[in-house]
Amino acid sequence: MGTLVGPVLSAFTTSKDRPLFPSPTASLPSSKPHLTTSRKIHHHEINTSRFGNFLHLKPESKPGCLDSDLPWFNPSDRPCFDVIIIGTGPGGLRLAEQVSQYGIKVCCVDPSLLSFWPNNYGVWVDEFESLGLVECLDKIWPMTCVYIDDHKTKYLDRPYGRVSRKILKTKLLENYVSNSVKFHKAKVWQVKHEEFESTIQCDDGSELKASLIVDASDFSNSFVEYDKPRNYGYQIAHGILAEVDSHPFDLDKMVLMDWRDSHLGNEPYFRVNNSKLATFLYAMPFDSNLIFLEETSLVSRPVLSYSEIKRRMEARLRHLGIRVRRVIEDEKCLIPMGGPLPRIPQNVMAIGGISRVVHPSTGYMVAQTMALAPLVAEAIAECLGSTRMIRGRPLYHKVWNGLWPIERRLSREFCCFGMETLLKLDLVGTRNFFEAFFDLDPYYWHGFLSSRLSLHELASFSLSLFGHASNSSRLDIMSKCPVPLVRMLGNLALQVI
């Protein structure tokens with residue numbers, strides 16, 4: 001739900017950290033998202049879709065680049081650093097920003113250093129407020145809502161925001177000159193390790209050395225190793241930022257989930273499939289004619305086909321009477337969720353999605369990654385800071401356990417159990433689950449979605465959720481969850497040993 005808008009396999013990009021009472025929309029430097037295309041419309045140029053049929057429309061916006069003069073690595077300089085970070089997504093740049101504040105020599109390597117991130121990131125506003133990054137939101141909705149079905153809607157008193165990709169990336173880069181961070185525009189092909197030093201080999205023929213290599217790249221190019229089968233669940237989604245004739249959504253409410261299926265009434269094949277493996281609509285209305293729409297499969301195993309996601313979205317928009325005039329941006333999202341952690345420790349450190357900080361039950365990641373980067377930076381500084389030089393296995397052990405201390409590993413196991421539970425629920429069971437979930441004390445559902453609950457609090461959360469569930473939902477959970485529960489308890493025992 002991470003769009004529940006970042007990451008990524010092959011041709012896919014990850015999107016997400018995306019998955020009240022009426023009040024004016026919060027005022028920001030710009031209440032509308034920054035677009036590179038003009039909003040002026042010339043009617044003879046528009047290739048308007050039929051109702052709901054937007055699939056033939058091509059996105060008009062091209063990936064942009066920051067106009068920034070970065071401190072580039074000079075091949076004639078000594079190619080030795082304390083830390084090399086592979087990838088400059090939000091996690092990689094946040095870690096570089098934090099580590100460099102300790103006077104540690106950092107180099108970021110990425111073939112697309114100045115390109116805008118392709119993802120639409122949505123976050124809970126309180127998460128970015130706690131990080132001091134609320135000015136990086138270009139739109140805030142004071143309320144969110146969840147359509148359980150055609151007759152039940154939950155209104156949530158928790159503001160939601162869209163991250164300005166340009167503002168956030170610019171902010172993360174602004175301190176790099178004074179902190180002596182270097183940048184190298186290249187793709188890393190190989191990483192070689194010695195006892196106290198590692199070397200990366202790039203596609204331009206260059207070689208750089210460092211005491212620590214951090215992988216902040218996408219899922220398809222990982223240098224991180226696993227020692228257990230990667231039995232992921234997958235979140236898959238198709239999203240468009242579109243100009244429409246109109247839409248039925250309130251402008252002061254972000255639609256977190258729309259589980260209604262009345263749009264499939266004339267689509268018997270899709271309706272039967274959706275009753276077994278449901279998808280929902282995630283929507284960010286910017287004004288009466290500009291909206292971000294995303295059809296999402298929360299989690300599935302095996303992954304739901306991308307073509308079916310798009311066809312379900314087409315049927316939904318047609319039913320809602322949404323005529324798409326232009327597709328400004330589109331995004332394809334595939335997020336591996338759950339599964340094992342990487343082997344801990346190992347020579348390559350990780351941050352972001354590849355470190356498995358993706359919330360196993362929701363897909364949220366960006367805010368959590370931004371919050372964990374300072375903790376990882378502190379662990380690195382304790383080993384590579386100016387007064388100490390701890391390298392090799394003690395360094396790897398320190399930084400990996402800084403990211404994944406035992407308490408956080410145990411909490412993640414519980415969230416993986418939540419994912420396994422969701423995998424077993426059909427549409428009716430999923431609706432019942434979220435009806436009970438959003439009836440909880442906000443402390444619990446806020447904390448669960450934001451990965452803030454301790455293991456003890458997660459136990460209380462589960463008891464409260466069971467108490468709020470309907471009798472049919474309790475029976476559904478008890479009949480379908482014994483195996484995931486036993487697996488979770490076994491994994492918790494192994495983590496403690």
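Which residue in β16 is the bridge partner of I236? The legends below take that up first, and every view shows a predicted model.

**View 1. A seven-stranded open sheet, with β12 and β16 paired at one end of the order.**
The partner of I236 is L334 in β16. That pair belongs to a run of twelve bridges between β12 (residues 233-244) and β16, and the two strands go antiparallel. Zoom out and the strand order reads β6-β5-β13-β14-β15-β12-β16, with mixed pairing. The edges are β6 (153-156) and β16 (324-337); each has a single partner strand, so one side of each lacks a neighbour in the sheet. On average, neighbouring strands here are turned by 15° against each other, ignoring direction. As a reminder, strands of a sheet pair through backbone hydrogen bonds, either parallel or antiparallel.

**View 2. Strand β7 with two antiparallel partners, β3 and β4.**
Look for G161 in β7: V123 is its bridge partner, and I140 stands opposite it too. Three bridges tie β3 (residues 122-124) to β7, while four join β4 (residues 137-141) to β7. Within β7 (residues 160-163), Y160 and R162 point one way and G161 and V163 the other, and all of them are buried. That fits the usual pattern, in which side chains of a regular strand alternate between the two faces of the sheet.

**View 3. The buried side of helix α7.**
Five residues to pick out in α7 (residues 393-403) are L395, Y396, V399, W400 and L403, which are buried. They sit on the same side of α7 because they cover an arc of only 115° around the axis. The general rule behind such a pattern is that an α-helix has 3.6 residues a turn, so residues three or four places apart point the same way. And what do the buried residues of α7 pack against? Their partners are strands β10 (198-202), β11 (207-215) and β17 (348-350), plus helices α6 (366-384) and α8 (406-423).

**View 4. A278, a buried loop residue.**
A278 lies in the loop between α4 (268-276) and β14 (280-285). Its relative accessible area is 11%, so A278 counts as buried. Setting aside neighbours within four places in sequence, A278 is in contact with W259, S297, R312 and L427. R431 is also worth finding: A278 and R431 are 153 residues apart in sequence, yet their C-alpha atoms are 9.7 Å apart in space.

**View 5. Three salt bridges that link distant parts of the chain.**
K152 and E435 form a salt bridge, with 3.4 Å between the closest N and O atoms. K152 is in the loop between β5 (143-147) and β6, E435 is in helix α9 (residues 427-437), and 283 residues separate them. K152 is partly exposed, at 37% relative accessibility.

R301 pairs with E420 in a salt bridge whose closest N and O atoms are 2.8 Å apart. This one connects the loop between β15 (290-300) and α5 (306-320) to helix α8, across 119 residues. Is each partner buried or exposed? R301 is partly exposed at 36%, whereas E420 is buried at 12%.

R271 forms a salt bridge with D261, at 3.6 Å between the closest N and O atoms. R271 belongs to helix α4 and D261 to the loop between β13 (253-258) and α4, ten residues apart. R271 is partly exposed at 33%, and D261 is buried at 10%.

**View 6. A salt-bridge network.**
D258, R260, E295 and R316 are linked to one another in a network of salt bridges. The count for the model comes to 26 salt bridges.

Technical notes:
Residues are numbered from 1 along each chain as its sequence is written. This is a predicted model: local features need pLDDT of at least 70, side-chain atom pairs count only at pLDDT 80 or more; totals for chains, interfaces and linings use all residues. Side-chain values use heavy atoms; hydrogens and water are left out. Two strands pair if DSSP finds at least two bridges between them. Axes are lines fitted to C-alpha atoms, for helices over the stretch in contact, and angles run from 0 to 180 degrees between N-to-C directions. Buried means under 20% relative accessible area, exposed over 50%, partly exposed in between (1.4 Å probe, protein chains only). The arc is that of the directions from the helix axis to the C-beta atoms. Contact means heavy atoms within 4.5 Å. A salt bridge is a side-chain nitrogen of Lys or Arg within 4 Å of a carboxyl oxygen of Asp or Glu.
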